[in-house]
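Me: Please take a close look at one part of this model. Start from a single residue near the end of the chain, then work through the surroundings.

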Amino acid sequence: MDHLPLTSPAAAAASLSPSQGGGGRVLDAYKTALATAASAAAYAVMARSMARELLPDELRAAARWCAAAARARFGRGEKERHTIVIRHQFDTGYSENHLFDAARAYLATRIDPRAMRRLCLARSRTKEPNGSGRWNTLLCMEPGCSTVDVFDGVEFTWASVETGGDDKKKGKGGGGNPRESLELSFDAEHTETALERYVPFVMSTAEQLQLRDRALRIFMNEGRSWNGINHHHPATFDTLAMDPALKQSVVDDLDRFLKRRDYYRRIGKAWKRGYLLYGPPGTGKSSLVAAMANYLRFNLYDLDLSEVRLNSALQKLLIHMPNKSMLVIEDIDCCFDDAAASRKAVKAPEPVDDLDMDPDYTSDSSDENWAQPGFAPLKPKGITLSGLLNFIDGLWSTCGEERIIVFTTNYKERLDPALLRPGRMDMHVYMGYCGWEAFKTLARNYFLVDDHKMFPQIHELLSAVEVTPAEVSEMLLRSEDVDVALRILAEFLREKRLRAVFGC
């Protein structure tokens with residue numbers, strides 16, 4: 001039977017000594033590596049500090065961009081994402097964040113109900129200034145849901161998040177109520193697009209939605225202030241009885257105007273547009289004004305110049321008009337007749353003991369009035385054309401933007417040429433007699449017909465007589481039966497043609 005040899009303690013110690021020496025070498029190597037890493041880190045920190053002090057910001061930004069591009073090209077993992085948090089309310093107070101409301105209104109037009117499992121449907125009642133109310137319906141995301149929107153080829157992810165409600169806030173008196181916020185996420189490389197283009201696009205779209213849904217109002221001047229009521233004129237470009245080519249040119253001009261804010265600023269002009277509507281009475285000038293207001297969703301400001309005594313009062317009225325509004329002056333050819341006659345009839349001032357000053361009078365060089373010691377200033381009988389032109393095309397024209405100015409007249413030839421030049425009345429629109437296309441629009445509006453056996457006869461009569469759309473509408477209103485109404489119109493046109501031929 002074999003036995004293992006016994007080893008003495010001294011021999012065992014001698015046999016272990018080589019392994020202990022190897023462990024010491026490993027420990028020394030580990031210490032050296034730590035010292036080297038610490039030295040490298042110190043040098044890196046020192047190099048970074050020197051770079052911040054010595055290298056310009058542009059060069060450091062370029063280096064960061066190159067590093068990010070290298071990571072995106074050769075690195076692994078997903079792209080870097082940035083997130084913008086849009087809170088319902090600010091943390092420092094109780095004021096609401098208007099960007100949150102704008103984003104929610106915008107997303108309501110982008111949400112696909114069929115693609116989302118949970119949706120929030122809200123319905124609110126808006127009170128109008130006249131006391132009436134209307135209901136608004138809004139579709140929005142529930143907290144925890146998200147949707148994707150594409151803008152100029154870039155994907156933006158919107159998510160609804162609910163925060164708050166923890167015990168810490170309850171203890172501090174915050175109430176612990178959860179607060180909703182929206183998070184906008186995108187690739188880091190599209191940060192500039194998000195901040196400078198996408199967010200302004202969301203705001204402008206929401207503003208357009210608000211203008212579209214609001215109730216339009218029409219304002220009339222009384223003294224130096226405006227009084228308004230709701231405006232429910234049903235006229236639209238689809239129902240307007242006028243030449244289709246001319247109608248489309250007006251629509252195109254309005255669309256071009258709305259898109260040119262930056263263009264007007266670049267060329268140094270006030271962002272406004274002037275339209276002169278002229279033609280015989282009853283040709284639809286007022287209906288065109290209403291259709292323009294409904295199309296733009298602009299409030300109307302109907303200015304009665306006979307109620308304005310001074311140019312300064314006119315200026316006060318006009319500068320209190322908000323942006324995105326339409327100024328309308330009807331029958332502009334009649335507005336300055338009385339004022340001109342009164343100026344011709346003015347006599348030299350007589351001395352007075354007690355100056356009977358008009359309490360509303362303010363010194364205005366364009367009023368063409370003067371005062372001397374012992375003489376009362378002449379009370380003006382109306383405003384001057386120069387005062388009106390000053391607002392349309394002068395220094396006062398820049399007190400607002402995105403405004404439409406519309407003048408109407410039955411007699412264009414009576415107007416001062418200074419009023420007609422481009423820059424004041426940019427587009428002249430002739431509202432003529434009822435043509436064939438205008439009649440077909442009226443027939444479609446009244447009877448929902450595009451053809452009838454009497455159409456050829458009426459077509460021939462319309463080409464032989466001058467009749468206004470208002471006259472045609474009156475004939476069509478006399479019966480709800482299309483056959484009867486068209487016979488009445490045909491008889492009216494034949495009588496009008498006979499009177500034209502025989503002069504009776």
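**From one helix to the enclosed strand**

Reply: Thr441 sits in helix α13, residues 436-447 (helices are DSSP runs of H or I with at least four residues, strands are E runs of at least two, both numbered from the N terminus). The model is predicted: local features need pLDDT of at least 70 and side-chain atom pairs pLDDT 80 or more, while totals for chains, interfaces and linings use all residues. Numbering starts from 1 along each chain as its sequence is written, and side-chain values use heavy atoms, leaving out hydrogens and water.

Thr441 has a relative accessible area of 8%, so this residue is buried (buried is under 20%, exposed over 50%, partly exposed in between, with a 1.4 Å probe and protein chains only). Beyond its neighbours within four places in sequence, Thr441 contacts Asp238, Thr239, Leu240 and Ala241 (contact means heavy atoms within 4.5 Å).

The same helix holds a charged pair. Glu437 and Lys440 form a salt bridge, with their closest N and O atoms 3.7 Å apart (a Lys or Arg side-chain nitrogen within 4 Å of an Asp or Glu carboxyl oxygen). The two are 3 residues apart in α13, about one turn of the helix. An α-helix has 3.6 residues a turn, so residues three or four places apart point the same way. Lys440 is partly exposed at 23%, and Glu437 is partly exposed at 35%. Elsewhere, Asp253, Arg256 and Arg273 are joined into one network by salt bridges that share partners.

The salt-bridge count comes to 13. One of them pairs Arg197 with Asp152, and the closest N and O atoms are 2.0 Å apart. This pair links distant parts of the chain: Arg197 is in helix α5 (191-213), and Asp152 is in the loop between β4 (146-151) and β5 (154-163), 45 residues away. Arg197 is partly exposed, with 43% relative accessible area. Arg261 and Asp262 also meet in a salt bridge, at 3.9 Å from N to O. Arg261 is partly exposed at 40%, whereas Asp262 is exposed at 53%.

Now the interior. In β11, 5 of the 5 residues are buried, so the strand is largely enclosed by the rest of the structure. Ser325, Leu327 and Ile329 point one way from β11, and Met326 and Val328 point the other way. In a regular strand the side chains alternate between the two faces of the sheet.

β11 has partners. Strand β10 (299-302) runs parallel to β11, joined by 4 bridges (strands pair if DSSP finds at least two bridges between them). Asn299 stands opposite Ser325. With β12, β11 shares 5 bridges, and these strands also run parallel. There, Val328 stands opposite Val406. β10, α9 and β11 make a right-handed β-α-β unit (right-handed if, with the strands pointing away from the viewer, the path from the first strand over the helix to the second runs clockwise).

Helix α11 (385-393) contributes buried residues: Leu385, Gly387, Leu388, Leu389, Phe391 and Ile392. Their cover includes β9 (272-278), α9 (311-319), β11 (325-329), β12 (403-409) and α12 (417-420).

For contrast, turn to the surface. Leu54 lies in helix α1 (9-54) and is exposed at 64% relative accessibility. Leu54 joins Tyr43, Met46 and Met50 in a nonpolar surface patch, with about 470 Å² of accessible area together.

Terms used: Patches are made of residues with over 30% relative accessible area and no salt bridge: like charges are joined within 9 Å, nonpolar side chains (Val, Leu, Ile, Met, Phe, Trp, Tyr) within 5 Å. Accessible areas come from the Shrake-Rupley method with a 1.4 Å probe; for residues, only the protein chains shown count as cover.
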